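This briefing introduces one structure to a reader who has not seen it before. The sequence and the model come first, followed by notes grouped by topic.

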Amino acid sequence: MSPDAWRARGRRVRALDRDLFVVDDGPRERPTVLLLHGFPTSSWDWAPMWPELEQRYRVVAFDFVGFGFSEKPPGRVSVQLQADVTEALVASLGLGRHHVLAHDYGDTVAQELLARDRERREPRIASALFLNGGLFPETHRARPIQRLLATPLGPTLSRVLGRGTFGRRFSEVFGPNTKPSREELDAFWGIISENGGRRIFAGAIGYMAERVEQRARWVGALTHARCPLGLINGSLDPVSGAHMVARYREVVGEHQPDTFFEALPDVGHYPQWEAPEATLRAFHRFLENIA
């Protein structure tokens, strides 16, 4: 599905006074799945899985503030803001109790949402399944360009970063046999660059520091979750691959012994793009196990 076709499926929704791009498909009487995308891409990341998902669930994906086709304000965008906007969108769409499928940056937003659910009388999240992401700051192996973006040089680097550098650095986190094509890289870059979007590189990269600052809260959201949890992980991911899984089993497994886990040994950081069919099968098994 091309970015243009993806854009045509969506609509604009105001949530918490923010202009969001939202795709909302599938039978309304089916279970609802909310998809949370990663950094620095967009909800288009889920396009390879979308046709099958919409046949089985009401499935909702949106671009976070500053990403994709959503509003792209200047300055810093925090995880707390993204969680606020997510909750406002869930209320606006009347989603009720729903499942969460998250990736990368979306994992962190999901952790904050789970932390908020711990503080409620009635939780809103029915389950949460994570793809590759920095669930633990101590296992997140940031790429050199991410570390540079987090320094005072970040805004300048954001302005000069071009398609070539992006393509090379982005491809590094994929598996050796599942790297994006030149056409796919062009499409990813086009969506990122939409409406001055390169500034998001510096505007949102603060999430790495937030993970350290909020570690107790966000890891506690996993160890004391009030819903079933799962993890699908591309083992070859240099950022959050097999080494992160080992930490997940050590920290979360003690408290959540029934947590679902599926390793995808031949893919990297983007399982939903590199191995959409295997990721879908694992996701279906996860939901079937908790039904």
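The model is predicted. Its strands include an open sheet of 8 with mixed pairing, in the order β1-β2-β4-β3-β5-β6-β7-β8. The notes below go from this sheet to the nonpolar cores and then to one loop residue.

**Sheet**
- The edge strands, each pairing on one side only, are β1 (11–15) and β8 (260–264).
- On average, neighbouring strands of the sheet are turned by 25° against each other, direction ignored.
- Strand β5 (residues 98–102) pairs with β6 in the parallel sense, over 5 bridges.
- Histidine 98 has isoleucine 125, in β6, as its bridge partner.
- Helix α14 (residues 276–290) lies across β3 (32–36), β5, β6, β7 (229–234) and β8, and it runs at about 170° to β8.

**Nonpolar cores**
- In soluble globular proteins, nonpolar side chains tend to be buried together.
- The largest nonpolar core has 52 residues, and those touching the most other members are Leu36, Tyr105, Leu114, Phe130, Phe136 and Leu229.
- Helix α3 (residues 79–93) supplies the largest share of this core, 7 residues.
- A second, separate core has 42 residues, among them Phe21, Ile191, Ile192 and Tyr270.
- Beyond its neighbours within four places in sequence, leucine 114 is in contact with Ile125, Ala128, Phe130, Ala221, Leu222, Cys227 and Leu229.

**Threonine 139**
- Threonine 139 sits in the loop between β6 (125–130) and α5 (144–149).
- Threonine 139 counts as buried because its relative accessibility is 11%, and buried means under 20%.
- Not counting residues up to four places away in sequence, threonine 139 touches Val239, His243, Met244 and Arg247.

Key. Residues numbered from 1 in each chain as written. Predicted model: local features only at pLDDT ≥ 70, side-chain atom pairs only at ≥ 80, totals over all residues. Heavy atoms only, no water. Helix = DSSP H or I, 4+ residues; strand = E, 2+ residues; numbered from the N terminus. Buried < 20%, exposed > 50% of the residue type's maximum accessible area, 1.4 Å probe, protein only. Contact = heavy atoms within 4.5 Å. Core = buried A, V, L, I, M, F, W, Y, C linked by side-chain atoms within 4.5 Å. Pairing = 2+ DSSP bridges. Axes fitted to C-alpha atoms, helices over the stretch in contact; angles between N-to-C directions.
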